[in-house]
Amino acid sequence: MGLLQQRCTSHLLCALTHLEAAGALALMLYALLWEAGNLVDLPDKRIGFYNFCLWNETARDLQCLEYKYLQVMGTSLPGIALARVCVYTCLVFSIFYPIFVAHVKCTEEREGWKMILIILIIKTILLSGGLATFLFQTSQWIHPSDFTGGFLALLGTQALLLLQILTATMYLSWAKQHMCQSPFTEEVLPIEI
């Protein structure tokens, strides 16, 4: 493979990583900030990381429940808090992740790409663990047809994180084959320094 083709492949994989990271960040910002962390936002119920509102037939209005009532209904507050921490920690990682990728790309260190892969795996575990914990705690009030844009955005984020893991793995595999073989060998450049 020629030097130009190697550089183009390297830049393509890095650009793909940046696009996937931007997409994941945009989806997380939409789900957790724009939608305020609400996974269900319907006229008769609003359930999210900070809201738990159900329809009150007597008042004919949406009534948001306080934490003490959630505990009485069988919802674990530490479980909800853990889910919230996991999902929002993933958002914080996603905010700073593109800066780290840009730094690694500038230095083109293979060890840096291994760290990117580790960060992506941690983000995937945090997001999936936080979502699973939250859904486990609230499953008796949420039906699959109730999910709205916030939940779908977090599922899209999960898909993009898995795609980023695949891209970083492809880059590491490509770099192992091509970066070790320097195009500047003694036969090409017989100049002694």
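Accessible areas are those obtained by the Shrake-Rupley method with a 1.4 Å probe. On this basis the surface of the protein, taken from a predicted model, amounts to about 11,100 Å². Carbon and sulfur atoms account for 67% of that accessible surface. Of the 193 residues in the protein, 40% are buried, where buried denotes a relative accessible area under 20%.

The secondary structure consists of five helices and four strands. Along the sequence these elements follow the pattern α-β-β-β-β-α-α-α-α. The four strands thus appear in the pattern after one helix and ahead of four others.

The strands form an open sheet with the order 1-2-3-4 and antiparallel pairing. Strand 1, spanning residues 38–42, and strand 4, spanning residues 61–64, are the edge strands, and each of them pairs on one side only. From one strand to the next, the twist averages 20 degrees. At the strand 4 edge, the pairing partner is strand 3, made up of residues 52–56. Four bridges join strands 3 and 4 in the antiparallel sense. Within strand 4, Leu-62 is the bridge partner of Trp-55.

Contacts across the protein were also examined by sequence separation. Among contacts between residues at least 6 apart in sequence, 71% join residues at least 24 apart. Contact here refers to heavy atoms within 4.5 Å.

Technical notes
Residues numbered from 1 in each chain as written. Predicted model: local features only at pLDDT ≥ 70, side-chain atom pairs only at ≥ 80, totals over all residues. Heavy atoms only, no water. Pairing = 2+ DSSP bridges. Helix = DSSP H or I, 4+ residues; strand = E, 2+ residues; numbered from the N terminus. Axes fitted to C-alpha atoms, helices over the stretch in contact; angles between N-to-C directions. Buried < 20%, exposed > 50% of the residue type's maximum accessible area, 1.4 Å probe, protein only.
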